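Colleague: I am new to reading models of this kind, and I would like to go through one slowly with you. Could we look at how each term is justified before we rely on it?

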Amino acid sequence: MRLDKLLSNAGFGARSQVKRLIRKGHVTVNGEVVKDPGFHVDPEKDEVLVDGEPVLYEENYYIVLNKPAGYVTSTKDRELTVMELLSDIPRFEKLFPVGRLDKDAEGLLLLTTDGELAHRLTHPRWKVPKKYYVVVEGKLTEEAVEPLRKGIELKNFKARPAKVKILKAGDEESEAEIEITEGKYHQVKRMFAAVGHPVKYLKRVEFGGLKLGELPTGQYRHLTEGELRALKALLGLKE
Ligand code: URA
């Protein structure tokens, strides 16, 4: 396979962008800088690095997006969707979001072309942990969040016990982190509302062991090989 095709398929940009990357000397094959976009590589055997990072040969894509507020988690909608933020990825139309973040929510959204992985990540059986940072109305106390830790009864389902850490408790508003292993509609908002502290701001910071880290709002990155391996291991999928 041509080097430029391999990198483009792996999500490093359109052919023209990838060619520029190669010509500028960012790419090595088996330790040697290769500046010819037409150079032939064997994806199974050759080690290709971009700026020292191994290139995933997966046919599938795995993208972490830091979703800004105001975008709908959907592939098609009358409103602005998260797909708008990914349109420079070749074959981005094949990506779909794993689970959902509300329009006003921010943070870690995984998008992939891998149906099996997506299915397991959203299936209750795998109890995939999701961590959110929230700002809520009023002064949070340990007592107030206790029902969330025990497992709270909501309108039509009982939420499993959540891990809750109060980060800051002010008179007007408070900050907390909550980790849940389900993903029901508006779940975190409903949980805090049920204990008298409506959510003012919500951001997902972790998902299935993946961390948002310092990724700026509105930006995306590809999963690293290590992250993908860990995610598949968590879900009982072989590499
Ligand atoms: N819980 C919510 O209430 N909203 C989200 O977007 C995610 C979890």
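Colleague: What area do domain 2 and domain 3 bury between them, and how much of it is on carbon and sulfur atoms?

Modeller: Domain 2 and domain 3 bury about 1,100 Å² between them, with 50% of it on carbon and sulfur atoms; buried area is the accessible area (1.4 Å probe) that two parts lose on being put together, summed over both. On the side of domain 2, Asp-102, Glu-106 and Leu-108 lose the most area to domain 3, together 41% of what that side buries. Please keep in mind that this is a predicted model, in which local features need pLDDT of at least 70 and side-chain atom pairs count only at pLDDT 80 or more, while totals for chains, interfaces and linings use all residues. Residues are numbered from 1 along each chain as its sequence is written, and side-chain values use heavy atoms, with hydrogens and water left out.

Colleague: What makes these stretches of the protein chain domains, and which residues belong to each?

Modeller: The bounds come from an automatic or database domain assignment, which gives domain 1 (3–54), domain 2 (62–124 + 212–234) and domain 3 (129–207). The centres of domain 2 and domain 3, taken over C-alpha atoms, are separated by 23 Å.

Colleague: How do you know that domain 2 is in contact with domain 3, and how many residues are involved?

Modeller: Contact means heavy atoms within 4.5 Å, and by that rule 15 residues of domain 2 are in contact with 11 residues of domain 3.

Colleague: Why is the pairing of Asp-104 and Lys-189 called a salt bridge?

Modeller: A salt bridge is a side-chain nitrogen of Lys or Arg within 4 Å of a carboxyl oxygen of Asp or Glu. The side chains of Asp-104 and Lys-189 meet at 2.7 Å, N to O, so the pair satisfies the rule. Across the interface of domain 2 and domain 3 the rule finds 2 salt bridges, and a search of the whole structure finds 19.

Colleague: What makes Glu-79 and Lys-103 another such pair?

Modeller: Their closest N and O atoms are 2.5 Å apart, and the pair therefore also counts as a salt bridge. Glu-79 and Lys-103 are 24 residues apart and link distant parts of the chain.

Colleague: How do you know that Val-188 is among the residues around the ligand, and which atoms come into polar contact?

Modeller: A residue is near a molecule or strand if one of its heavy atoms lies within 4 Å of it, and the residues around the ligand include Val-188, Gln-187 and Lys-189. A backbone N or O atom of Val-188 lies 3.1 Å from a nitrogen atom of the ligand. A polar contact is a pair of N or O atoms within 3.5 Å; within protein, one must be able to donate a hydrogen and the other to accept it, and residues adjacent in sequence count only if both atoms are side-chain atoms. The Val-188 pair therefore qualifies, and a backbone N or O atom of Lys-189 lies 3.0 Å from an oxygen atom of the ligand.

Note on methods:
Helix = DSSP H or I, 4+ residues; strand = E, 2+ residues; numbered from the N terminus.
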